[in-house]
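Reader: Could you walk me through this protein and tell me how each description is justified? I am new to reading structures.

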Amino acid sequence: MAKRWYVVHAYSGYEKKVAASLKDRVALHGMEESFGEILVPTEEVVEMRGGQKRKSERKFFPGYVLVQMELNDDTWHLVKDTPRVMGFIGGKADQPAPITEKEAEAILRRVDDSIEKPKPKTIFEPGEMVRVTDGPFNDFNGVVEEVNYDKNRLRVAVLIFGRSTPVELEFGQVEKT
């Protein structure tokens, strides 16, 4: 039987512990052949703190763990009886439905892409007010005109001597007001 991806609902904040417990329990019960990967979908994000670029991890499905497995009574019970697991998502309680291959691929691609190209932790929208925190326009307020996520830059309209002037800034040089 082929292994499919299932979504397991875990207590929020315990996703990594649940994934580790599941891996331990699979090994303990000698059920490695019925299980594939067990992962918490996360992506790398970058933020500027104190002038330094810091990478961190953000869960993009908080409260969920992805489990690749063959579904049968034994595997279902092993997952269900793991501490801090609330159950499966999709299908019926006793007969969970796997996510589609397409959905699984999209999630795995997002995890892989973020390793190569971390996303900014803060999302900016055109029209929103920001305060410049670094550079020659420090302490000026402005309105976001354009956002370029590929280059981690924004164009901000800053009021200088009463005139609106467009300024190119990096994400780390501004903060939301």
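Reader: What makes a residue count as buried, and what share of the protein does?
Author: Good place to start! This is a predicted model. A residue is called buried if its relative accessible area is under 20%. Of the 177 residues, 36% count as buried.

Reader: How do you know whether the protein is a compact globule?
Author: Set two values side by side. A compact globule of 177 residues would have a radius of gyration near 16 Å, but the protein has 22 Å. The value therefore does not match the globule rule. Its C-alpha atoms fill a box of roughly 70 × 30 × 25 Å along the principal axes.

Reader: Why are β2 and β5 said to pair?
Author: Pairing needs at least two bridges between the strands. Here 3 bridges join β2 to β5 (residues 64-69), so the two strands count as a pair. They run antiparallel, and F35 stands opposite M69 in β5.

Reader: What makes β2 an edge strand?
Author: Look at the open sheet of 4 strands, whose order is β2-β5-β1-β6, with antiparallel pairing. Both β2 (35-39) and β6 (85-89) pair on one side only, and that makes them the edge strands. From one strand to the next, the twist averages 30 degrees.

Reader: How do you know that helix α2 touches the sheet?
Author: Contact means heavy atoms within 4.5 Å. By that test, helix α2 (residues 73-80) touches β1 (4-10), β2, β5 and β6, so we say that α2 packs on the sheet. The direction of α2 makes about 135 degrees with that of β6.

Notes: Residues numbered from 1 in each chain as written. Predicted model: local features only at pLDDT ≥ 70, side-chain atom pairs only at ≥ 80, totals over all residues. Heavy atoms only, no water. Axes fitted to C-alpha atoms, helices over the stretch in contact; angles between N-to-C directions. Rg over C-alpha atoms; globule rule 2.2 N^0.38 Å. Buried < 20%, exposed > 50% of the residue type's maximum accessible area, 1.4 Å probe, protein only.
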